[in-house]
Amino acid sequence: MTPRIVILTGAGISAESGLGTFRDAGGVWTQVRLEDVATPEAFARDPAMVRAFYDARRAQARAAAPNPAHEALARLEAARPDTLIVTQNVDALHERAGARNVIHMHGTLDGALCAACGHRWPWTPETMTETDACPGCGRGEGVRPDVVWFGETPHDLDRIADALDACDLFVAIGTSGAVYPAAGFVAEAAAAGARTLELNLERTEVSALFEETRTGRASELVPAWVSEVLGD
Ligand code: BV8
């Protein structure tokens, strides 16, 4: 089914579930340099440190619970199957709230990827160490989190581009608009004639590209917006 509503979510939708954002005060990238943990070069340089960074994020994500914003989007998707959620987040809170049609364009903490052979598989253990051998090639040294690092190509870009070209409404929730290609989606949707709405704690560096920006906490803005769309 062609998505008529495309929703892009970022770290801000999971903030009220207790998961850190990246660029807010005290955010993840203010505590550790992304060049040290979120690039292929960082993994090649110090795989154990990178795995430990993601082990901590995986534990936090699994201990967190979906908040009313995740739940509202799941409700919208159930009522409007022509909704597509594209998330930059690597937590599974959309799915745990009941959403089923989610694209994780930056990957997931619940997956593993073998840098040696390219094999990917679901990752259930808490931690990832070198002794965990790849089921594809049997080697352990290349086992990494299945997340998209800086300099790597995000997933499903063609499917996302098709959805942006066909949608009537593009909504960005809890994202700073600092990272590409996700930050460019609003321009693609607007060029294709879609209405555009930004829901965020504050205005962002891409707010000028949206027809409307509503400021507030996602746990309040998103349920109100979904009720508006569903007329209930
Ligand atoms: C690529 C996964 C080539 C891992 C992440 C110059 C121009 C254009 C591009 C570039 C450039 N220089 C470098 C690049 C490329 C680079 C990039 O964009 N760099 C930036 C820093 C300039 N991009 C890449 O490398 C990407 N790949 O370009 O490949 C290509 C391109 C196209 C086609 C083919 C090939 C890959 C980027 C992916 C990197 N991986 N994450 C992990 O999670 O550890 S990115 C990281 O930042 C996050 O995962 C997240 O996905 C992303 C964006 O962050 P946000 O989600 O927006 O979070 P942030 O903290 O920034 O903002 C939070 C927002 O929430 C704020 O606005 C805040 O106000 C709001 N908020 C807070 N609380 C609440 C709230 N809102 C509502 N309610 C609340 N309670």
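Mentor: In this predicted model, a polar side-chain atom of T175 lies 2.7 Å from an oxygen atom of the ligand. A polar side-chain atom of N200 also lies 2.7 Å from an oxygen atom of the ligand, and a backbone N or O atom of F22 lies 2.6 Å from one.

Trainee: How much of the ligand's exposed area does the protein bury?

Mentor: The ligand taken alone exposes 1,500 Å², and the protein buries 76% of that.

Trainee: How many residues surround the ligand, and which are the closest?

Mentor: There are 36 residues around the ligand, and the closest are F22, R23, G151, S176 and N200. By type, this shell divides into 16 nonpolar, 13 polar and 7 charged residues.

Trainee: How should one read a nonpolar core?

Mentor: The general idea is that, in soluble globular proteins, nonpolar side chains tend to be buried together. Here the largest nonpolar core has 21 residues, of which I7, L73, V171, I173, L199, V222 and W225 touch the most other members. At least two residues of this core come from each of strand 1 (5-9), helix 5 (68-79), strand 7 (169-173), strand 8 (195-200) and helix 9 (218-230).

Trainee: Which residues does L73 touch, not counting residues up to four places away in sequence?

Mentor: L73 touches I7, T9, I13, I85, H94, I173, V222, W225 and V226.

Trainee: Is T87, in strand 2, buried or exposed?

Mentor: The cut-off for a buried residue is under 20% relative accessible area. T87 has a value of 0%, and therefore counts as buried. The side chain of T87 makes a polar contact with the side chain of T9 at 2.7 Å. Beyond its neighbours within four places in sequence, T87 is in contact with T9, H94, V102, I103, H104, M105 and H106.

Trainee: Where is H106 found?

Mentor: H106 is in the loop between strand 3 (102-104) and strand 4 (107-114). Its relative accessibility is 12%, so H106 counts as buried. The side chain of H106 reaches the backbone oxygen of Q88 at 3.4 Å. Leaving aside neighbours within four places in sequence, the residues in contact with H106 are T87, Q88, V90, V147, V148, P154 and V179. As for distances across the chain, H106 and F150 are 44 residues apart in sequence, and their C-alpha atoms are separated by 9.7 Å.

Trainee: With which side chain does the side chain of D146 make a polar contact?

Mentor: The partner is the side chain of R120, at 2.7 Å. D146 has its place in strand 6, and because its relative accessibility is 9%, D146 counts as buried. Apart from residues up to four places away in sequence, D146 touches G107, T108, G111, A112, L113, R120 and H155.

Trainee: How should one read backbone angles?

Mentor: The general idea is that most residues other than glycine have a negative phi, and most peptide bonds are trans. In this structure, phi of D156 is near 60 degrees, a positive value in a residue other than glycine. D156 is placed in the loop between strand 6 (143-147) and helix 7 (157-166), and D156 is partly exposed, with a relative accessible area of 39%.

Trainee: Which peptide bond is cis?

Mentor: The bond from Y180 to P181 is cis, with omega near 0 degrees. P181 lies in the loop between strand 7 and helix 8 (185-191).

How values were computed. Residues numbered from 1 in each chain as written. Predicted model: local features only at pLDDT ≥ 70, side-chain atom pairs only at ≥ 80, totals over all residues. Heavy atoms only, no water. Near = heavy atom within 4 Å. Polar contact = N/O pair within 3.5 Å; in protein donor to acceptor, adjacent residues only side chain to side chain. Areas by Shrake-Rupley, 256 points an atom, 1.4 Å probe, with all protein chains shown as cover. Nonpolar A, V, L, I, M, F, W, Y, C, P; charged D, E, K, R; others polar. Core = buried A, V, L, I, M, F, W, Y, C linked by side-chain atoms within 4.5 Å. Buried < 20%, exposed > 50% of the residue type's maximum accessible area, 1.4 Å probe, protein only. Helix = DSSP H or I, 4+ residues; strand = E, 2+ residues; numbered from the N terminus. Contact = heavy atoms within 4.5 Å.
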